[in-house]
Amino acid sequence: MGYRVAIVGATGNVGREMLNILEELEFPVDEIHAIASRKSKGVEVSFGDKTVKCQDIEQFDFSKVDIVLMSAGGAVSKEWSEKIGKAGPIVIDNSSAFRKDADVPLIVPEVNPDAIKDATKKNIIANPNCSTIQLVTALKPLHDAAKIKRVVVSTYQSVSGAGKEGMDELWNQTKAIYGLGDATPKKFPKQIAFNVIPYIGSFLEDGSTDEEKKMSDETHKMLDPDIQVTVTCVRVPVFVGHSEAVNVQFDRPIEPDEARAILREAPGVLVIDKQEHDGYITPVDAASEHAVYVSRIRKDPTVENGLNLWVVSDNLRKGAALNAVQIAQLLDETGVIKSSSGYRSITV
């Protein structure tokens, strides 16, 4: 017997990726339900060789499923996740709605799998921010070897992080600029085609943005509250794949070769790091892949015990859908939920 799974937000970029990855990982699904808003009722989505029609969230009986993968935005999650959890299934929520909740575990399976023990407190598990997932996946093995004191992160985040509207805006603006058409920004505050925007989310009183604060808060919750974290988040004209320039200061010296050796043994991480033309990873290389890639590992001579890293991952996959399905796998592996069926775990 497998699981009865519902995808809320099944018509979105991440929802569709969730359906794809459930199939790729051969997660034991007995029933699959695509859930969306009333306006998307009847829209068809693919699951393997099957076609599934979306059902209205207002009419769906969540008590008849085991797992709900939620990717419909924070407002929908705030309205529905707790109600769904009380109906019985465990909700794996891709929004920021419950990430700070002390009774809701925030999980990257390669980083803090033990947090799964708290899954039944509210029957909700939070999927971290896409940029945080790849950051902590790379930092965790290094932190285990040499305690991290401070991290400085600059992100280069693709437009798919803003959903289909963000991808459409980059595509339409690029065509408009080449064709002398209308490139007026709609989704983003400034032109994104042939430009970069040092602003994601909304401004806070201290001048940072809530996207930057999410990365700091989530790193503290999952990895170590004592690490000093400072972040600048930037939107770039890339369709899929987030990149990060990461400066790390440790409590002891750690050589680049030692860091490479540690990361090569780390789950979920692939090191591509040679001082040659093709010896590093870009977002185009990482698109549709499962791994968190680390390149450009080198010493920072300006601070004591400092290293620089370049970290890249597909934000729709490891940054969202893949991590959510891996959490579902973790629920099964730890016996929080049970199935007699088997599946293949993803290894990179």
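Reader: Where is S288 placed in this model, between which elements?
Author: The model is predicted. Along the chain, α7 covers 283-286 and β13 covers 292-300. S288 sits in the loop between α7 and β13.

Reader: Is S288 buried or exposed?
Author: Exposed means over 50% relative accessible area. The relative accessibility of S288 is 54%, so S288 counts as exposed.

Reader: What is the phi of S288?
Author: Most residues other than glycine have a negative phi. S288 is a residue other than glycine, yet its phi is positive. The value is near 75°.

Reader: Which strand holds R296, and what is the phi of R296?
Author: R296 is found in strand β13. R296 also has a positive phi although it is not glycine. For R296 the strand is β13 and phi is near 50°.

Reader: How accessible is R296?
Author: Partly exposed covers the range between under 20% and over 50%. R296 falls in that range because its relative accessible area is 42%.

Reader: Where does H242 lie, and is H242 buried or exposed?
Author: H242 lies in strand β11, which covers residues 242-250. Buried means under 20% relative accessible area. H242 has 0% relative accessibility, so H242 counts as buried.

Reader: Which residues are in contact with H242?
Author: Neighbours within four places in sequence are left aside here. Among the contacts of H242 are C130, S131, Q134, Y156, Q157 and S158. The others are G161, R235, V311, V312, S313 and N315.

Reader: How far from a polar atom of the H242 side chain is the backbone nitrogen of S158?
Author: S158 is one of the residues in contact with H242. The atom of S158 in question is the backbone nitrogen, and its partner is a polar side-chain atom of H242. The distance between them is 2.9 Å.

Reader: Which residues touch the most other members of the largest nonpolar core, and which helix gives the largest share?
Author: The largest nonpolar core has 52 residues, and F62, L139, V246 and L309 touch the most other members. The largest share of this core is six residues, and they come from helix α3 (residues 130-145).

Reader: What does L139 touch?
Author: Residues up to four places away in sequence are not counted. L139 then touches I148, V151, L223, V246, V248 and L309.

Reader: How many residues are in the other core?
Author: This other core lies apart from the largest one. Its members include C54, I116, I125 and L316. The number of residues is 39.

Technical notes
Residues are numbered from 1 along each chain as its sequence is written. This is a predicted model: local features need pLDDT of at least 70, side-chain atom pairs count only at pLDDT 80 or more; totals for chains, interfaces and linings use all residues. Side-chain values use heavy atoms; hydrogens and water are left out. Helices (H or I, at least four residues) and strands (E, at least two) are DSSP runs, numbered from the N terminus. Buried means under 20% relative accessible area, exposed over 50%, partly exposed in between (1.4 Å probe, protein chains only). A nonpolar core is a set of buried Ala, Val, Leu, Ile, Met, Phe, Trp, Tyr and Cys residues joined through side-chain atoms within 4.5 Å. Contact means heavy atoms within 4.5 Å. A polar contact is a pair of N or O atoms within 3.5 Å; within protein, one must be able to donate a hydrogen and the other to accept it, and residues adjacent in sequence count only if both atoms are side-chain atoms.
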